[in-house]
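Q: Please take a close look at one helix in the model shown below, covering what surrounds it and which of its sides faces inward. After that, please set it in the context of the whole chain.

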Amino acid sequence: MSANPPSTAEPKAAVDTASDSNHLQDFQGEVQTNDQLPSVETLRKIQDYSVLDRHGKSHPFKSLHSGPGVAQRVLVIFVRHFFCGSCQEFLRTLSASITPKALEPLATSTSVVIIGCGDPGLIEMYEKETNCQFPIYTDPTRQLYQDLDMMCSLALGSQPAYISKGMARIVGESMMQAVKYIPSGLAHKSGYYKQIGGEFLFELLDSNADMTGEEEKQVTWCHRMKTTRDHTEIPELMQLLENASLTFFAALPCSRPYLNDSSPYQLITLPSRYKKNDSSDMFFRETMNTPSTFPHTLAFIRKEILRSNHLTWENLDREQIGPDIVLLVHLGSGGNGFRDTAHGGVLAALLDETLGCCIESWAIQLHASEQASSATRPRSYTAKLNILYHAPVESPGIIIVHAWFKKREGRKWFLGAKILGGNGRTRAEASALWISERVTVINLGAKMGKRVRHFVGVESSEQLAFIDELQALGLSNTINLPELVVVGDQNTGKSSVLQAITEVSFPVKDTMCTRFPIQISFRQTSAAKELPVKATVVPGPLSEEDDELLARVEDFLIEKKELTSEVMEEIIDKATECIFGDQKSTKQLTLSDATLRIERSGPDEMHWTIVDLPGLIRGKKSGKGVDGLNDAGNGVNEESHVRNNAAVAEELARTYLNNERNIILVVVDNVDVERHKTFELIEEIPSLQTRCIGVLTKCDRKQEGSDHWMIKLLQNDLATVPHLDHGWFGLRNRLPIERDSSDAERDEMELKEFAKPAWEGLSKDRTGIRSLMSYIDKERRAQIQKEIPHIITEITQHLRECEANLKRMGESRTTARAQRYYVLQFCNEMQKMAEGTLRGQHQDIPSTDAKAMLRYKIRLRLDQFRDDMCRSENIAIKFTDYRADLEWLKSQSSDPRVWEEHVVNGQGLYAAIAQEAKICEGRSLPGSVHPDVEEKLFRKLSVHWEGIAREFVEDVKIMVTDCYNILLKIAIPNSKVRLEVSRIVGKTLEEWNKDADTALRELVEDNQARPLITRNPSLLSFTSMTDEILLGHSSNNKAANGKANGGSNGEDVGPYFIPTSLNQILSARARLDGYYDIALWRFIDNVAMQVMERHVLGPKCPMRIVSADRFAQLDDTELNTVAGEDEADTRMRARLERTRSRYQKALERWERLRVL
């Protein structure tokens, strides 16, 4: 393996990751780069560049995207530095939407690789922070970034969809991550902070290369970032990876007639190539879906087939106007007969598959024009397939399969097909006969005697069904799902709007229609049900806390044949009784956030959902009672109930209005339009005006020549109400005498109303239920398309959190064995985190709380302890510089008697020694200093050590306790179990405190009571300093110096000796100076080692005592007290398991939808 080439003076030259002294241009704005593919020469140049894995092991860059065991396609994503919160958000969103499992069904094997530019020691952290399931490497030299033309910039750019957090939060989290790595020295090694990255798709273009072992992949697509937040959006990457064949064929001339903008063909999915939940299409999905058979396929359909509502079938020869279906196939050598020649049976299978796609496309349109449902559409089978082979088909190579419909006679379908080579020459032709099975068709609409109002668009039917399924799973409690929500004040005609939209008769009452949200859902099913109407109750976030309600809801199910007004009234009454139980009351009308879900299903339905909220209550005018009550006391009481219900209705409405994914229908009438409560909420809630579609009801009440405000409102030009970005629509309400009229009659009367001259100045697309539904349909489909990727990301994140909580709870703890296993789990988790925090490996602690960084905080406190101990102002008798003192004495005089006078009569330590020597002289000979002098003075000098040391130890104990509480809460989320664990370890914690205090007291006593002992040779340097400075010679050569100084020249060479008493004082001073320094550092080290490490952080340290050894000794009774589940635990587990099941089902259904 060759090493990376040395850096040059180019602007993008590689530099050390922590250095800013580089030649990269410092772009301050969006960089002017492009997405030009790197050349073959560039790819060959960089193939041996080294990248590092998490262990620091070197790998050639080529091994990441090429070689044995590597997928055919590899998406290489280059990110910024490892602490970049924006890139972490990108990878979190990517990891939630694109996983190794999600890539498995793709026809071409695909993988993803991440490359950063920081220290490999941060890769493990990066992987955990982003939940990334793909391999992560790093290029600290940034040589790959340079040669692949990725730039440098600090510009933010616009916020992409993959970032949901605010920049302040992202920056704060990045800084916290960096702080954790200060002790390890990695905080400044995350990578060059200005470097931006990109994405590169490497693909094998020669399908036979994997057999010869000489593959050379090329980049078929790339994107270079222009700002720090310019990664490719996740939906675009998903589309890119799922349409790898599109990338492959786009570079080939033979595909251009089908891919250009003016082409009469539209790209479609070949259903047989994708994974399904049954055994259908196994031949093409698995047997023939290998890199050596058909590495790439691309299917097209003639656009006019999709657009036609009424097709002409009789004797139509589609060959004359072009094929109906085109299939581009990249043949591999795995389908060979002879060498380099495709097997004839393989070609026959491709012809048959293309013909099947053709007949299915025509059958869908036929049955749509005949108004038949998917349930009644029959299967068709190959009855005859005649093939004429003109020439061998080279393999590997490119072929084009054409198929077209000829005619239909009853159940017989006549079709034709041909195979063309990449050069356009015909290789084989086929004629086919397919026969449809017999099916009895039931006209369900006629049977029910009820027409069904459909929305205009059908493209998003599957996505609507998916959102509907999420609603049915109850995910709206935790995930904001897009809904069509109807909100308005009481008595504004909301029920009439709902009936016009749904064609379901809502019961009309004088009070609120319901005391809870009603969700009307229509679902398309493959077959008709005997009871197509089903009503259930889904608890809301608040009502889900009511266990009695949950029990009632579990048994609530109503099934009916039709959804008439009588059935609606019955369902609402029974739901009211279910939700409120014995507290059912029509007078106080207490509200609930539980949702009544009414579903009508059948082959002729179309997926969509609408939510009706209880009407908002406007403020009552003074002077009027409620419901005509004359009794003053009852009136006040009733007013109070009205106010309470008004507050609850408003809060319930806010819950739905705050969901930015919802489309809101704001219904108002012609009475006091400026006083509508709904407008207050629109003005209060940010951005709500951009999501509201206004609906003005009772337009038929408009008086000729008056009520001009109605026209202005519908023109979105009425200054007294909030401006709505989506504008307003006008509807006509049924009159009381028209209550029994049909929906068709209602629509006809509405058309006549808005044809009157009074509405001439109004655009026709702003009046009537048809215009409203057409607009709603367009907005709803756009909203769902936009939000589904983000919803999947949120579901995945919630599922991970739910699984993590269940994992922490462990299995159900009803037996002693389960309880011991649970205890073992949290003990092991506690020990793992304790080891991490005590070793300073803070990245192993799943907490952003700075108190969990114990070792780091202790080191800081230890430094402060050292500084406090060394601070001179804390010493009772101030030390001076001994050498400077001696130099000063010598400068004052050469007479030792003068020196002695200065020392004895001076201040500070010298005077203290002289005074203490007098006191302790006792029976000692004159001129000597008793040994007790040095001990007594040392005790005075070091008396402040105890207080500083005790404060330090207490602070460390507080740090340990704080860290222990954080780790314990992580290891044991259950507060009841934590309490029992704390009770058991309480005695040990008392011992821990006592042992640490005892160890410190012994150290202090040793210092204050024990003899002064040291064998440190540095002490002698202090005692020899006296003779060196005052006499000018060292003690071991006094005689020689004396003779030299006593020469006959008669010069004054100074004293030969120092008087005994002075010498004793100076020697004591020198020994105290040297010994204090030695004893000080010894004491600091002893406090750090013997007290802090041995006791405070020792075996009885709070983090260490929650261990398997300790809790394994508990008997079954004690174990049950600690780890046994109480009722709260059981309820919590049940809720988490229910929630996890919902999320898992949601992702399973998304996977099915994504594949289809």
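A: The buried residues of helix 23 pack against three elements, namely helix 17 (494-502), strand 23 (728-730) and helix 24 (769-809). Here buried means under 20% relative accessible area, exposed over 50% and partly exposed in between, with a 1.4 Å probe and protein chains only, while contact means heavy atoms within 4.5 Å. Helices (H or I, at least four residues) and strands (E, at least two) are DSSP runs, numbered from the N terminus. The model is predicted, so that local features need pLDDT of at least 70 and side-chain atom pairs count only at pLDDT 80 or more, whereas totals for chains, interfaces and linings use all residues. Residues are numbered from 1 along each chain as its sequence is written, and side-chain values use heavy atoms, with hydrogens and water left out.

Helix 23 covers residues 743-754, and its 12 residues reach 17 Å from the first C-alpha to the last, close to the 16 Å expected at 1.5 Å a residue, the expected span being 1.5 Å times one less than the number of residues. Its buried residues are Asp743, Arg746, Asp747, Glu750, Glu753 and Phe754. Because they cover an arc of only 120 degrees around the axis, they lie on the same side of helix 23; the arc is that of the directions from the helix axis to the C-beta atoms. The face turned away from this buried side carries the exposed residues Leu751 and Lys752.

Helix 17, one of the packing partners of helix 23, follows a loop that starts after strand 15 (484-488) and holds Gln490. Gln490 is partly exposed, with a relative accessible area of 23%, and its C-alpha lies 6.0 Å from that of Ile617, although the two residues are 127 apart in sequence.

Turning to the whole chain, there are 40 helices and 23 strands, and buried residues make up 51% of its 1156 residues. Among contacts with a separation of 6 or more, 80% join residues 24 or more positions apart. The accessible surface comes to about 54,700 Å², with 49% belonging to carbon and sulfur atoms, as given by the Shrake-Rupley method with a 1.4 Å probe.

Helix 29 (residues 909-919) is mostly covered, with eight of its 11 residues buried, among them Leu909, Tyr910 and Glu916.

Two helix pairs can be described by their axes, which are lines fitted to C-alpha atoms over the stretch in contact, with angles running from 0 to 180 degrees between N-to-C directions. Helix 3 (residues 85-97) and helix 7 (residues 167-180) have axes that come within 9 Å and cross at roughly 100 degrees. That crossing makes helix 3 roughly perpendicular to helix 7, where 65 to 115 degrees counts as roughly perpendicular, under 35 as roughly parallel, over 145 as roughly antiparallel and the rest as oblique. The residues making this contact include Gly85 and Gln88 of helix 3 and Met167 and Ile170 of helix 7. In the other pair, the axes of helix 26 (residues 854-870) and helix 31 (residues 945-971) come within 10 Å and cross at roughly 170 degrees, and these helices are therefore roughly antiparallel to each other.

The loop between helix 7 and strand 6 (198-203) contains Ala187, which is buried at a relative accessible area of 15%. Leaving aside neighbours within four places in sequence, Ala187 is in contact with Phe83, Ala178, Tyr181 and Ile182.
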